[in-house]
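This report describes the fold, the central sheet and the ligand surroundings of one protein model. The sequence and structure are shown below.

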Amino acid sequence: MTDAKLIDGTVFSGKLRETIASRVAEMKGKHRITPGLAVVLVGEDPASQVYVRTKGKRTVETGMNSFEHKLPADTPEDSLLLLIDSLNKDPAVHGILVQLPVPKHIDTQKVIEAIDPAKDVDGFHPVNVGRLAAGMDALVPCTPLGSLLLLKDNLGKLGGLDAVVIGRSNIVGKPMAQLLIRESCTVTIAHSQTRDLPSVVRRADIVIAAVGRPEMIKGDWIKPGATVIDVGINRIDLPDGKTRLVGDVDFASAVKVAGAITPVPGGVGPMTIACLLRNTLVACARQHNLPEVEF
Ligand SMILES: NC(=O)C1=CN([C@@H]2O[C@H](COP(=O)(O)OP(=O)(O)OC[C@H]3O[C@@H](n4cnc5c(N)ncnc54)[C@H](OP(=O)(O)O)[C@@H]3O)[C@@H](O)[C@H]2O)C=CC1
Ligand SMILES: Nc1nc(=O)c2c([nH]1)NC[C@@H]1CN(c3ccc(C(=O)N[C@@H](CCC(=O)O)C(=O)O)cc3)C=[N+]21
Ligand SMILES: [Mg+2]
């Protein structure tokens, strides 16, 4: 059998960002509005610093304003909530993202609920979670949205396909399942208490791996020809002291069996950032009562 087709998230996200950039240019030219994204980072986690830097760079490349707020790890919860309140009120800010995880002394749920749902470009606020579940217009979490765009680009219509989502987190697994239900897939959500995970995965035409366990999903769990979206981002140590980024799927064995598969890096990761910019543009248009932008 020939190897799976590689789903190139770097190329696809690049095209998406070009489309976004032209809409941003139009918004600036016609309406004199520059979409703005505020990213808040509490603490000095090196991985988070890399993401925040990449997000800021992509935001500016797209023609939007980027506002970065870096707060020390011991920032009191109240101060963070006050900053969010000021961003909620700032007309130059259309999207707000607080990088997760936040330090332990801060209540994550309080932070999420402090963000104005209209500016919640992560789609984590209960209002957006509820709107997505109810099939209403919502700001949709970026990683599931990016994964869905890759799936549709590769498979066209998804109706009737069997999809297995491995992982049930609020940021990936659950919203991913919601989007697949909306596309009329038959959706199974697996997690740490699922019995006989390999046989559950073997039923799937679409496998979404969002577990956070390096290379856990093996090629012989995959139905031949299935489409595999690997959301996992795991940095592993190599014998020579270097590190490497791997997904939740054992790529070397899965690529032999799948019909199409996303690599790590270069798969879902760059789509997450492109969708964040997309959500910022959508949020900006809605805040100014401009026509909906479709993607
Ligand atoms: N590409 C991107 O842009 C992004 C990538 N990620 C990556 O995606 C992965 C998942 O992230 P996230 O959803 O936040 O992770 P969480 O840790 O919040 O959730 C992991 C889920 O996997 C389940 N799980 C853990 N171990 C097993 C197992 N052995 N068998 C079956 N299920 C298991 C857990 O089950 P239970 O609920 O029972 O504990 C849980 O539902 C991570 O690698 C993360 O780095 C995350 C966000 C964005
Ligand atoms: N409020 C919030 N929203 C998030 O969306 C959010 C978050 N917190 N906390 C952390 C996770 C993780 N995340 C990634 C984004 C891009 C890449 C990405 O671009 N990855 C590149 C490689 C990057 C590298 O080399 O390290 C790739 O996969 O090709 C990865 C992971 C967003 N997250
Ligand atoms: Mg916490």
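## Strand S8 and its partners

Strand S8 and strand S11, the latter made of residues 260-261, pair in the parallel sense over 2 bridges. Within this pairing, Thr227 has Ala260 of S11 as its bridge partner. The model discussed here is a predicted one. S8 also pairs with strand S7 (residues 206-209), again in the parallel sense, over 4 bridges. Here Thr227 of S8 is the bridge partner of Ile206.

In a regular strand, side chains alternate between the two faces of the sheet. S8 (residues 227-230) shows Thr227 and Ile229 pointing one way, with Val228 and Asp230 pointing the other way. All four of these residues are buried, Asp230 included.

## The six-stranded sheet

S8 belongs to an open sheet of 6 strands in the order S1-S11-S8-S7-S5-S6, with parallel pairing. Its edge strands are S1 (5-6) and S6 (186-190), each of which pairs on one side only. Strands of a sheet pair through backbone hydrogen bonds, either parallel or antiparallel.

At the S6 end of the order, S5 and S6 pair in the parallel sense over 5 bridges. Ile166 stands opposite Ala190 in S6.

## Overall fold

The protein contains 10 helices and 11 strands. Its radius of gyration is 19 Å, close to the 19 Å that the globule rule gives for 295 residues, so the protein is as compact as a globular protein of that length. The C-alpha trace spans about 55 × 40 × 35 Å along its principal axes.

Buried residues account for 44% of the 295 residues. Of the contacts between residues at least 6 apart in sequence, 69% join residues at least 24 apart. A separation along the chain that is bridged in space is seen with Phe295, in the segment after H10: the C-alpha atoms of Phe295 and Thr19 are 276 residues apart along the chain and separated by 8.9 Å. Phe295 counts as partly exposed because it has 14 C-beta neighbours inside 10 Å, between the limits of 12 or fewer for exposed and 20 or more for buried.

## Surroundings of ligand 1

Ligand 1 is surrounded by 26 residues, of which Gly167, Ser169, Ser192, Gly212 and Thr272 are the closest. By class, this shell comprises 10 nonpolar, 13 polar and 3 charged residues. Helix H10 (residues 268-287) gives the largest share of the shell, 3 residues.

Gly167 and Ser169, both among the closest residues to ligand 1, can be examined individually. Gly167 lies in the loop between strand S5 (162-166) and helix H7 (173-182), and Ser169 is found in the loop between S5 and H7 as well. Gly167 counts as buried because it has 23 C-beta neighbours inside 10 Å, whereas Ser169, with 16 other C-beta atoms within 10 Å, is partly exposed. Apart from neighbours within four places in sequence, Gly167 is in contact with Val172, Gly173, His191, Ala210 and Val211. Under the same exclusion, Ser169 is in contact with Lys174 and Ala210.

## Surroundings of ligand 2

The shell around ligand 2 has 18 residues, and those that come nearest are Leu100, Pro265, Gly266, Gly269 and Thr272. Its composition by class is 12 nonpolar, 5 polar and 1 charged.

Helix H2 (46-61), strand S4 (95-98) and H10 each supply at least two residues of this shell. The largest share, 4 residues, comes from H10. H10 thus recurs, since the largest share of the shell around ligand 1 comes from this helix and so does that of the shell around ligand 2. Thr272 is listed among the closest residues to ligand 1 and among the nearest to ligand 2.

## Annotations from UniProt

An unreviewed UniProt entry carries the annotation "binding site" for Gly167, Arg168, Ser169 and Ile233. Two of the residues it names, Gly167 and Ser169, are among the closest to ligand 1 in the model.

The unreviewed UniProt entry also places the feature "domain: Tetrahydrofolate dehydrogenase/cyclohydrolase catalytic" at residues 7-122. Over residues 7-122 the chain is 51% helix and 16% strand, and the end C-alpha atoms are 24 Å apart.

Technical notes:
Residues numbered from 1 in each chain as written. Chains lettered and ligands numbered in written order. Predicted model: local features only at pLDDT ≥ 70, side-chain atom pairs only at ≥ 80, totals over all residues. Rg over C-alpha atoms; globule rule 2.2 N^0.38 Å. Contact = placed C-beta atoms within 7 Å. Near = placed C-beta within 6 Å. Nonpolar A, V, L, I, M, F, W, Y, C, P; charged D, E, K, R; others polar. Pairing = 2+ DSSP bridges. UniProt positions renumbered as here; feature names shortened; annotations may be inferred.
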